[in-house]
Amino acid sequence: MSYRTHGLSMTKTYRTWWAMTQRCRNPKNTKYADYGGRGIKVCAIWQKFDNFYADMGHRPQGKELDRINNDGNYTPQNCRWATHHEQTKNTRRNVFLTFRGETKILGDWAASLGMSPITLCSRITTHGWSIERALTEPVNRKGAWVAKQWNQA
C-alpha cells in the first residue's frame with residue numbers, strides 16, 4: 001500500500017515550513033536560541049505542512065516568511081510573505097526613532113535625510129546628540145567640498 005503525500009517536499013515553500021519548525025522546536029538548530037529558545041512557537045495547526053500550505057499558499061518568487069509581530073508566534077494571523085528588504089525592517093535589532101510625532105527605523109530616517117545609517121547612529125550613540133539634533137543638523141560633506149575645490153583648480 002502506498003501513501004500519496006502533498007508532492008511539495010522539494011519546493012521552497014516546504015523548505016521554508018521545515019526551517020520554521022526546526023528553528024522553533026529543535027534545540028540543536030543553530031537558530032533555535034533566537035526562536036524556540038526565546039519562546040517563539042509554531043501554532044498547532046501549522047505542525048502539519050498541509051495546513052501551513054492551505055493558509056499561506058506557494059511561496060512567491062523573491063519573498064520570505066515573515067512574522068508581522070517579531071515577538072509573536074508563527075500563526076496565520078501573524079505571518080506574511082515579504083521581500084528581504086521588508087523583512088530586514090522587521091527585526092528586533094532595529095532601532096526606532098520618534099521625531100515630531102513620526103516613528104521610523106533609524107535606517108529609514110537616514111535614507112530620508114540623505115545620510116548613511118552609520119552617520120546617524122554615530123551622532124546619537126558616539127557623540128551623544130539628541131534625536132532632534134541628529135535628524136536636523138546638515139551632514140558635513142568635506143569630501144564633496146574638496147572635490148569641488150579640486151575641479152575648480
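## Cysteines without a bond

In this predicted model, the sulfur of Cys 43 has its closest cysteine sulfur in Cys 79, at 7.8 Å, which is too far for a bond. A disulfide is a covalent bond between the sulfur atoms of two cysteines, and a search of the whole structure finds zero of them. Cys 24 is likewise in no disulfide, since the nearest cysteine sulfur, again that of Cys 79, lies 9.3 Å away.

Both of these unpaired residues are nevertheless buried: Cys 43 has a relative accessible area of 15%, and Cys 24 has a relative accessible area of 8%. Each value falls within the buried class because that class takes in residues under 20% relative accessible area.

## Overall build

The protein chain contains seven helices and four strands, and, when followed from the N terminus, these elements come in the order α-α-β-β-α-β-β-α-α-α-α. Of the 153 residues in the protein chain, 28% are buried. If one takes the contacts in the protein chain between residues at least 6 apart in sequence, 38% of them join residues at least 24 apart.

## Two nonpolar cores

In soluble globular proteins, nonpolar side chains tend to be buried together. Here the largest nonpolar core has 15 residues, and those with the most contacts inside it are Met 20, Trp 46, Phe 52, Met 56, Leu 65 and Tyr 74. The elements that give two or more residues to this core are helix H1, spanning 12-25, helix H2, spanning 49-56, and strand E2.

Met 56 offers a view of the surroundings within this region: once its neighbours within four places in sequence are left aside, Met 56 is in contact with Trp 46, Leu 65, Cys 79, Arg 80 and Trp 81. A second core, separate from the one just described, has 10 residues, among them Leu 106, Trp 109, Ala 110 and Ala 134.

## The largest pocket

The largest pocket holds about 590 Å³ of space and is lined by 20 residues, of which Arg 23, Tyr 35, Arg 67, Gln 87 and Thr 91 lie nearest its centre. Sorted by class, the lining has 10 charged, seven polar and three nonpolar residues. Helix H1, strand E1 and helix H3, the last of these covering 84-88, each supply at least two residues of the lining, and the largest share, four residues, comes from E1.

Gln 87, one of the residues nearest the centre of this pocket, lies in helix H3. Gln 87 is classed as buried because its relative accessible area is 18%, and, leaving aside its neighbours within four places in sequence, Gln 87 is in contact with Glu 64, Leu 65 and Asp 66. One of those partners, Leu 65, is also listed among the residues with the most contacts inside the largest nonpolar core.

## A glutamine in a loop

Gln 77 lies in the loop that runs between strand E1, which spans 63-67, and strand E2, which spans 79-83. Unlike the buried Gln 87, Gln 77 is exposed, with a relative accessible area of 65%. Gln 77 and Asp 55 are separated by 22 residues in sequence, while their C-alpha atoms are 9.6 Å apart in space.

Methods. Residues numbered from 1 in each chain as written. Predicted model: local features only at pLDDT ≥ 70, side-chain atom pairs only at ≥ 80, totals over all residues. Heavy atoms only, no water. Buried < 20%, exposed > 50% of the residue type's maximum accessible area, 1.4 Å probe, protein only. Core = buried A, V, L, I, M, F, W, Y, C linked by side-chain atoms within 4.5 Å. Contact = heavy atoms within 4.5 Å. 1 Å grid on protein atoms, 1.4 Å probe; cavity = no way out; pocket = protein on both sides within 12 Å on 5 of 7 lines; lining within 4 Å. Points joined across faces, edges and corners; volume = space filled by probe spheres on them. Nonpolar A, V, L, I, M, F, W, Y, C, P; charged D, E, K, R; others polar. Disulfide = S-S within 2.5 Å.
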